[in-house]
Amino acid sequence: MGCAGMTGIRHGKDERFLRASRDINYVKQHGRRLSTALFNLLVCKIDGTNTRIGIVVGKRFGLAVRRNRAKRLFRELTRQVSEHLTEGYALVVFPKREALGLPFERLKAAWCSTLRRQGLCRDEGDSSPIS
């Protein structure tokens with residue numbers, strides 16, 4: 001099930017991120033769910049736009065310090081892979097507590113691996129998505 005009908009996505013100062021709750025809710029309702037040991041990911045195909053990522057960390061995750069750290073980690077992961085993302089998708093990531101216990105490089109490897117398996121990320125020297 002795709003989200004190809006998604007229109008009216010707001011574009012802010014940093015177009016890599018989904019920030020509007022209506023956009024995140026749309027992906028929650030229409031996206032395809034993937035689950036890993038470190039995060040859950042919702043993937044939704046959208047019409048002709050850059051791939052954008054929303055990060056959702058609920059209060060069940062823990063204290064504000066831990067929630068903010070999880071958001072910072074996944075924002076940085078997004079920044080580092082943004083130029084390699086396949087266009088036309090909206091992603092919403094739900095970090096798990098286990099992600100905070102890993103070194104950043106291992107978390108990045110898991111993030112990139114998951115995106116590549118889903119065809120959402122290209123290798124650095126390749127312009128086509130990796131399947």
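This is a short talk through one predicted protein model, from its overall confidence and layout to its cores, its largest pocket and a few single residues.

Let me begin with confidence, since what we are looking at is a predicted model. The mean pLDDT of the protein chain is 86, and 83% of the residues reach 70 or more. The stretch that calls for caution is residues 125–131, where the pLDDT is below 50, although in the model this stretch still has 11 contacts beyond near neighbours in sequence. Where pLDDT is low, the predicted coordinates should not be read in detail, and I will leave that segment there.

Now the layout. The protein chain comes to 3 helices and 4 strands, and, if you follow the chain from the N terminus, the elements run α-β-β-β-α-β-α. Of the 131 residues in the chain, 44% are buried. If we take the contacts between residues at least 6 apart in sequence, 76% of them join residues at least 24 apart.

Which residues touch the most other members of the largest nonpolar core? They are L41, F74, L91, V93, W111 and L115, in a core that has 27 residues. The elements that give two or more residues to this core are β2 (39–45), β3 (52–55), α2 (64–81), β4 (89–95) and α3 (104–117), and the most comes from α2, with 5 residues. F74 is a good place to put your cursor: leaving aside residues up to four places away in sequence, F74 touches L38, F39, I55, V93, P95, A99, L107 and W111. Apart from this core lies another one, of 9 residues, among them L18, V27, C44 and F94. As general background, nonpolar side chains in soluble globular proteins tend to be buried together.

Let me turn to the largest pocket, which holds about 240 Å³ of space. Its lining is made up of N40, V56, V57, G58, R60, F61, F94, P95, K96 and R97, and by class these are 5 nonpolar, 2 polar and 3 charged residues. You will notice two names we have already met, because F94 also appears in the 9-residue core, where buried residues are joined through side-chain atoms, while P95 is among the residues touched by F74.

Two of the pocket-lining residues, F61 and R97, lead us to R66, which touches F61, R97 and L100 when residues up to four places away in sequence are not counted. R66 sits in helix α2, and the C-alpha atoms of R66 and L100 are separated by 8.0 Å, although the two residues are 34 apart along the chain. Is R66 buried, partly exposed or exposed? R66 counts as partly exposed, because its relative accessibility is 36%, which falls between the 20% and 50% limits.

Helix α2 also holds E76, which is partly exposed as well, with a relative accessible area of 31%. From E76 to F104 the C-alpha distance is 9.7 Å, across 28 residues of sequence.

Finally, G31 is found in the loop between α1 (21–30) and β1 (32–35), and with a relative accessible area of 23% this glycine is partly exposed. The C-alpha atoms of G31 and V92 are separated by 8.8 Å, with their positions 61 residues apart along the chain.

Terms used. Residues are numbered from 1 along each chain as its sequence is written. This is a predicted model: local features need pLDDT of at least 70, side-chain atom pairs count only at pLDDT 80 or more; totals for chains, interfaces and linings use all residues. Side-chain values use heavy atoms; hydrogens and water are left out. pLDDT is the predictor's confidence in each residue, from 0 to 100. Contact means heavy atoms within 4.5 Å. On a 1 Å grid over the protein atoms alone, a cavity is a set of points where a 1.4 Å probe fits but cannot get out, and a pocket is an open set with protein on both sides within 12 Å along at least five of seven lines; lining residues have an atom within 4 Å of a point. Grid points are joined across faces, edges and corners, and a volume is the space filled by probe spheres set on the points. Ala, Val, Leu, Ile, Met, Phe, Trp, Tyr, Cys and Pro count as nonpolar, Asp, Glu, Lys and Arg as charged, and the others, Gly among them, as polar. A nonpolar core is a set of buried Ala, Val, Leu, Ile, Met, Phe, Trp, Tyr and Cys residues joined through side-chain atoms within 4.5 Å. Buried means under 20% relative accessible area, exposed over 50%, partly exposed in between (1.4 Å probe, protein chains only).
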